[in-house]
Amino acid sequence: MSLLELAHGRPGAISGVDRRPSPIAGRLHAGARGIGAFGHRSLLLIALLSLWEAAPRLGFVDPVFLPPFSEVIAAGWQLAQTGELYDDVSASLLRALSGFLISVALIVPLGLLVGWYARLGNLVNQFIEICRNTAPLALLPVFILLLGIGEMSKITMVIYSCA
């Protein structure tokens, strides 16, 4: 043993026996610590999923409005196997992405102009404040009434939410 090991007070340094754990034991200990941390972080999620599964089955919630988690997963798996899930997810992503890109293309330059020109900022400030304080979901019926139930109202809703 070196003097440096003696200075640090390693227990095996004086007797000449190296008492460090083997690399395998160290890996096992680190793995167990990682699994414990993952379990601790996931405890709330597991509790919520268990509550979601149990509440409809025990009659606390109407299963028509909140089906058990296992039935939701089974229905999702069935939709994935038939290909319907891909179609629905791709349509939703297309709406969200197109609304976001339109919003970036229109609203960011407008925001820059409002920031650079005080007169324009004073002119549109009231409208901006009204829109900022109105929740996007509260305007969903208005968008549907004015633009119909098609793609236009859905994309406009995304644009408004991003703005």
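In the predicted model, F143 and Y160 are both buried. These two residues form an aromatic pair with an edge-to-face arrangement, the ring centres lying 5.9 Å apart and the planes meeting at 65°. The pair joins distant parts of the chain, since F143 belongs to helix α7 (residues 140–147) and Y160 to helix α8 (residues 151–162), with their positions 17 residues apart.

A search of the whole structure gives two aromatic pairs. W52 and F69 make up a pair with a centre-to-centre distance of 4.9 Å and an angle of 55° between the planes, so this pair is classed as tilted. Here too, distant parts of the chain are linked: W52 is in helix α3 (residues 23–57) and F69 is in helix α4 (residues 69–82), 17 residues apart. W52 is partly exposed because its relative accessibility of 27% falls between the limits of 20% and 50%. F69, at 25% relative accessibility, is also counted as partly exposed.

Three salt bridges were found in the whole structure. Side chains of opposite charge can pair when their charged atoms come close. One salt bridge connects E151 with R95, at an N to O distance of 2.8 Å. This pair links distant parts of the chain, with E151 in helix α8 and R95 in helix α5, 56 residues apart. E151 has a relative accessibility of 39% and is therefore partly exposed.

A salt bridge also forms between R57 and E53, whose closest N and O atoms are 2.6 Å apart. Both residues lie in helix α3; because they are four residues apart, about one helical turn separates them. R57 is partly exposed, with a relative accessible area of 49%.

In helix α6, R132 and E129 are three residues apart, about one turn of the helix. Their salt bridge has a distance of 2.6 Å between the closest N and O atoms. R132 counts as exposed because its relative accessibility, 59%, is over 50%. E129, by contrast, is partly exposed at 28%.

The surface also carries a nonpolar patch formed by L97, F100, L101, V104, V108, L112, L113, W116 and Y117, which together have about 930 Å² of accessible area. Within this patch, Y117 is located in the loop between α5 (84–116) and α6 (118–132).

The count of disulfides is zero. As for individual cysteines, C131 is partly exposed at 24% relative accessibility, and C162 is partly exposed with a relative accessible area of 38%.

Notes. Residues numbered from 1 in each chain as written. Predicted model: local features only at pLDDT ≥ 70, side-chain atom pairs only at ≥ 80, totals over all residues. Heavy atoms only, no water. Disulfide = S-S within 2.5 Å. Buried < 20%, exposed > 50% of the residue type's maximum accessible area, 1.4 Å probe, protein only. Patch = residues over 30% accessible without salt bridge, like charges linked within 9 Å, V, L, I, M, F, W, Y side chains within 5 Å. Areas by Shrake-Rupley, 256 points an atom, 1.4 Å probe, with all protein chains shown as cover. Salt bridge = Lys/Arg side-chain N within 4 Å of Asp/Glu carboxyl O. Helix = DSSP H or I, 4+ residues; strand = E, 2+ residues; numbered from the N terminus. Phe/Tyr/Trp six-rings, centres within 6.5 Å; stacked < 30°, edge-to-face > 60°.
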